[in-house]
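Reader: I'd like a close look at one part of this model, please. Walk me through it the way you'd do at the bench, with the elements around it.

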Amino acid sequence: MNVCEYRQIALGPGPGSGSSATSQAQPPASGKQQQQQQRRRRKWESFAGKNRFFCDGRLISGRQSGAFYLTLGLIVGTSGLFFGFDCPYLTENLTVAIPIIAGLLFVFVLSTLLHTSFTDPGILPRSTPDEAANLEKQIDNSGGSGYRPPPRTKEVLINGQTVKLKYCFSCKMFRPPRTSHCSLCDNCVERFDHHCPWVGNCVGKRNYRFFYMFLLSLSFLTAFIFACVITHLALRSQTVGLLNTLQETPASALELVVCFFSVWSILGLSGFHTYLVASNLTTNEDIKGSWSSKHSDESTNPYSYNSIFTNCCAVLCGPMPPSLIDRRGFLDPDTIQQSGGQHNITQEAKMEANLCDQGLNVQGSMLFYQSVPTSLYQTSLCFVNKTMPEKSDGAVICAIVPLGYFKSAYSQGKGTKQLIFQATRTVSSPSA
């Protein structure tokens, strides 16, 4: 066995983190600093997906939230103008019920919007290294011969309909039925409907009911304000004329324009999702035409109860499933990363990390450094070997290693070539 020793890889520290070499050279920390270092970190602080957390992990949303704040601003701004400039006149000349109805609709719209935006949509936890290694062995043993890789799909039978399960290379697992990986949030979401930028979150199994109620209530609120503003302008124009009325109440004119251009799209979305609820479909399935008769005459939706009422009850009135990600759980102190949790490998490190081996060409391999998206939250060094001539277990080679020196050993046995990473510090390093 030929063993090649490597120099220490220079790792660029991520935000809020320092290198291990400098941390060892620092003087002993004070009592307050030791308490901060010993503070038990929660799992949301090292979450692998592209999400943002609030209130110590109690609330979760997507990172791209600019459109969400625009939605919130339009709702609050338009409603505020209506309560400030239209409601006093309508209350005096018509009925006091107008501001009461508008107030109830406004509160309900805000409540459902915030529930949709800050609720876990149904994110599935990623596989641990042991689970991923187990699954890889099962896939390798299941099939594939010669140069053909083993299949990464499974078929299950649901209500007499064959459903194909696809393998997620990011989460290292077979996705359950109706689950899809969101590229924006980088998570697998149960009963994935779509990623909605207007609410700043994915819409899935756990927050779809809030999203649907948000659309319905917003449709009613927008139509109600639109009708009330027209009534207000019509009553005023009877005495002073339309042009004078628009000059006296420019806020009402602005509300009229905003409501006119938004009510149609909101009503259209509400109608579309009403059809999806009644059919027990998702936006993702409808766009792909998963159960369309165009694909196959025998293709039917296996999740439908063949009853509009039952479908609506199943989608909107079923029990709320629990969140599967333990956001507020504590990290294991033995496997916890340093603060920041992410490091970037420098260009010089990539140049220096040339693997020297005998008889195996890895010069065309791509070396990269990443944070392992598992519950262990260790660091990993991985490379994708593109030059291995025959089938090997090392198609994708990864090793769990700490910061510092590590070795690489090349061995050949039973006609199989593999690379074994060995950490100089005590840590479990699975062979690739």
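Which elements each supply at least two residues of the lining of the second largest pocket?

Author: α3 (66–93), β10 (194–196), α6 (208–240) and α8 (250–279) each supply at least two. Quick heads-up: this is a predicted model, where local features need pLDDT of at least 70, side-chain atom pairs count only at pLDDT 80 or more, and totals for chains, interfaces and linings use all residues. Residues are numbered from 1 along each chain as its sequence is written, and side-chain values use heavy atoms, leaving out hydrogens and water.

Now, the pocket itself. About 580 Å³ of space lies in it, and 26 residues line it. Closest to the centre sit Thr 71, Leu 218, Ser 262, Ser 265 and Ile 266. α8 gives the largest share of this lining, 8 residues. By class the lining splits into 17 nonpolar, 9 polar and no charged residues. (Ala, Val, Leu, Ile, Met, Phe, Trp, Tyr, Cys and Pro count as nonpolar, Asp, Glu, Lys and Arg as charged, and the others, Gly among them, as polar.) A pocket here is an open set of points on a 1 Å grid over the protein atoms alone, with protein on both sides within 12 Å along at least five of seven lines; a cavity is a set where a 1.4 Å probe fits but cannot get out, and lining residues have an atom within 4 Å of a point. Volume is the space filled by probe spheres set on the points, which are joined across faces, edges and corners.

Follow α8 away from the pocket and you can look at its packing against α10 (residues 308–316): the axes are 6 Å apart, at an angle of about 100 degrees. That makes α8 and α10 roughly perpendicular to each other. On the α8 side, Val 277, Ala 278 and Ser 279 meet Ile 308, Asn 311, Cys 312, Val 315 and Leu 316 of α10. This contact has 6 nonpolar, 2 polar and no charged residues. (Contact means heavy atoms within 4.5 Å; axes are fitted to C-alpha atoms over the stretch in contact, with angles from 0 to 180 degrees between N-to-C directions.)

α3, another contributor to the pocket lining, packs on α4 (residues 97–117): their axes come within 10 Å and cross at roughly 170 degrees. The two helices are therefore roughly antiparallel. (Under 35 degrees is roughly parallel, over 145 roughly antiparallel, 65 to 115 roughly perpendicular, the rest oblique.) From α3, the contact includes Phe 68, Thr 71, Leu 72, Ile 75, Phe 82 and Phe 83. From α4, its residues include Ile 98, Pro 99, Phe 106, Leu 110, Leu 113 and Ser 117. Counted by class, that contact has 16 nonpolar, 5 polar and no charged residues. Notice Thr 71, which also lies nearest the pocket centre with four others named above.

α3 turns up at a cavity as well. The whole structure holds 3 cavities of 30 Å³ or more, and the second largest has about 50 Å³ of space. β3 (51–54), β4 (59–62) and α3 give two or more residues each to its lining. Among the lining residues are Arg 52, Phe 54, Ser 61, Gly 62, Phe 68, Tyr 69 and Ser 117. This lining has 5 nonpolar, 5 polar and 1 charged residues. Phe 68 and Ser 117 belong to the α3–α4 contact too.

Those two strands, β3 and β4, run antiparallel and are joined by 4 bridges. Asn 51 has Gly 62 as its bridge partner in β4. They make a hairpin with 4 residues between them, and Cys 55 in the turn has a positive phi of about 55 degrees. (Strands pair if DSSP finds at least two bridges between them; strands are DSSP E runs of at least two residues and helices are H or I runs of at least four, numbered from the N terminus.)
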